[in-house]
Amino acid sequence: MKIIKAILLLIIVAFLLFYFNLPVINYGFIALPIILLVVTVFGIVLSTGVQISKDAKQVKILKKPSKLFFIISGLLLFYITVFPLLTSLPMFRSESYKNLIGKVADGTKISNHIAPISIDEIRVVDEDLAYLLGEKILGSQPALGSQVELGHFCIQKVGKDLYWVAPLLHSGFFKWMNNQEGTAGYVMVSATNERDVKLVQNIAGKEIKIKYQHEAFFGSQIERHLYFNGYATVGLTDYTFEIDDEGKPFWVVTKYDKKIGFGGNDASGIVVVDAQTGAMTDYTIGDAPKWVDRVQPIDFIEEQLNDWGEYVHGYWNFSNANKLQITEGLTLVYGKDNKSYWYTGLTSVGKEESAVGFVLVDTRTKETTFYKQSGATEIAAQGSAEGKVQEKGYKSSLPIPYNINNIPTYVMTLKDDGGLVKMYAMVAISDYTIVGVGNSMRETLTSFKSAYNMTGNKLNAASLTNKKQLKSVVTRITNDVKNGNSFYYFTTKDYPNIFVGSSQISNQLPVTIVGDSIKVSFDVDNEEVIDVSTFENTTLKKK
């Protein structure tokens, strides 16, 4: 009878460990052997007969455990300690770690990869601000806000627009018990317009219920739902909440393998789970739905890029010759092909002040391109932007790279201590001393182009923009003072757009009047207001 009780107790302990830890039942994943080791040790304790004296001073072993338990324990201990060292240690597998990122192509100009963009499409809302705005709209509905909490925000393209999207999650066990059919929807925050915040609770008149999620319990927890429905032998990570172009909510989960013994995590596909019904669809990397932005987890790519730079000359490169490392982190950006990429700068090890190049990694296929061009790191760009308004004490958001008139440019927001956006900044990637700040994106662009044009030949000639020259007559002109600088807005007889230029561009602008003949050059773009690069009043020259 005692043996039966011991066996039942062992089975219960094993079941609970499996149920709550969800170990991957496959080679290379260490959680399973650790659980088996714990169960084996527990079995040793249960099978050992012990007699303790009444005064508790003597312990007598009446029955020794089977040698089989010790053999199993020894094998498991070897498997989780010595075996990983032999099969996965970079000392022995440095070449495998270096090549895990795949082929790294050489790029020519990063501006060829990142499409020119209108200032209305520039990302001005970061994740922290999205969370503040999401909390605000959730707090406006007390009955809902007391039942749920905001999940993690993920940035994604919804149609042609860029949004931060986060699910509503259960805020505790009892809240889940009272609402097991699921939480009521998700929050969308436009990445380009902080006033565009939506609480989405129905699609085409049908209520949304996020039943499968991280904060649910038992079979409704998304990890457990997958594990007990055919994915116990597959590595799963990066549970990303995404919506399709119709607004239907899904969990996009990355499948991964161990490519180098117990290390070398590498994405192999995705599982798309309907957040409402739990229906699961398995995809390879190549056939993932077009609306899915992320297949490659950010931590996998960070680790693989660092390994690629670290083991350039093998493990024993103690002189750090040609070693590279990523800068502050990875940022999700969108290219001219409308694909999403992980972006980061690369610096030489021991010389973190400036970047030696920049990398774009396709977030779906992991196709990697390295642009060997020096420039500012994200940290240097942040410092430069903050220094421009140091008297205000604003803090910069993480810089996002954009193509501003074929000039690779970091764009960031400047926020106060409350996390609210107060100003904007643009910093040239090739030279962080070229900075433009303003109270609006339009004003910032004007300030940045003015600073850029004033550098003359300071920048690499390869980065010069596509310029147009115009000779015409001024039909209207007015001035505006912003941040201590005078800007002059004018229209001409032969061009439909409004032009703007600062007094730093030309000392002839302040004395120009309607009817004067002028000659200007400017960057060709799609903006309604165009910044002039040069300005010449030919009427004044004739006088």
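# How the labels work in this predicted model

Q: Which residues is Phe241 in contact with, once its neighbours within four places in sequence are left aside?
A: Phe241 is in contact with Cys154, Gln156, Val165, Ala166, Pro167, Tyr186, Ile210, Pro249, Phe250, Trp251 and Ala275. They get that label because contact means heavy atoms within 4.5 Å.

Q: What should I know about the model before going on?
A: It's a predicted model, where local features need pLDDT of at least 70, side-chain atom pairs count only at pLDDT 80 or more, and totals for chains, interfaces and linings use all residues. Residues are numbered from 1 along each chain as its sequence is written, and side-chain values use heavy atoms, with hydrogens and water left out.

Q: Why is Phe241 called buried?
A: Its relative accessible area is 1%. Buried means under 20%, exposed means over 50%, and partly exposed is in between (1.4 Å probe, protein chains only). With 1%, Phe241 therefore counts as buried.

Q: Where does Phe241 sit?
A: Phe241 is in strand β11, residues 235-243. Strands (E, at least two residues) and helices (H or I, at least four) are DSSP runs, numbered from the N terminus. The C-alpha atoms of Phe241 and Val273 are separated by 9.6 Å, and the two residues are 32 apart along the chain.

Q: Which residues does Tyr239 touch, not counting those up to four places away in sequence?
A: Tyr239, which also lies in β11, touches His214, Ile222, Glu223, Leu226, Trp251, Val252 and Val253. As for Gln213, it is 26 residues from Tyr239 in sequence and 9.5 Å away in space, C-alpha to C-alpha.

Q: What makes Asp299 partly exposed?
A: Asp299 has 40% relative accessibility. That value falls in between the two cut-offs, so partly exposed is the right label. You'll find Asp299 in helix α10, residues 298-310. Its C-alpha is 9.6 Å from that of Gly329, a residue 30 positions away along the chain.

Q: How do you know that Ala143 is exposed?
A: Ala143 has a relative accessible area of 65%, and because that is over 50%, exposed it is. Ala143 lies in helix α7, residues 142-145. From Ala143 to Lys449 the C-alpha distance is 49 Å, with their positions 306 residues apart in sequence.

Q: What is noted about the phi of Leu22?
A: Leu22 has a positive phi of about 50 degrees, although it is not a glycine. This residue is in the loop between α1 (2-21) and α2 (31-47). At 17% relative accessibility, Leu22 is under the 20% cut-off, so it counts as buried.

Q: Why is Lys366 called buried?
A: The relative accessibility of Lys366 is 10%, so it falls under the 20% limit. Lys366 is in the loop between β19 (357-362) and β20 (368-371). Lys366 isn't a glycine, yet it has a positive phi of about 70 degrees.

Q: How do you know that the reach of α6 is close to what is expected?
A: Helix α6 (residues 127-139) has 13 residues and reaches 18 Å from its first C-alpha to its last, close to the expected 18 Å. The expected span is 1.5 Å times one less than the number of residues. The buried residues in α6 are Leu129, Ala130, Leu133, Gly134, Ile137 and Leu138. An α-helix has 3.6 residues a turn, so residues three or four places apart point the same way.

Q: What about α2, with its 17 residues?
A: Helix α2 reaches 24 Å, close to the 24 Å expected. Its buried residues include Leu32, Ile35, Val39, Gly43 and Ser47.

Q: What makes something here a cavity, and how many of 30 Å³ or more are there?
A: There are three. A cavity is a set of points, on a 1 Å grid over the protein atoms alone, where a 1.4 Å probe fits but cannot get out. The largest has a volume of about 40 Å³, volume being the space filled by probe spheres set on the points, which are joined across faces, edges and corners.

Q: Which residues line the largest cavity?
A: They are Thr446, Lys449, Ser450, Phe487, Val500, Gly501, Ser502, Ile505, Asp531 and Val532, where lining means having an atom within 4 Å of a point. At least two lining residues each come from α12 (441-453), β29 (495-502) and β31 (529-537).

How values were computed: On a 1 Å grid over the protein atoms alone, a cavity is a set of points where a 1.4 Å probe fits but cannot get out, and a pocket is an open set with protein on both sides within 12 Å along at least five of seven lines; lining residues have an atom within 4 Å of a point.
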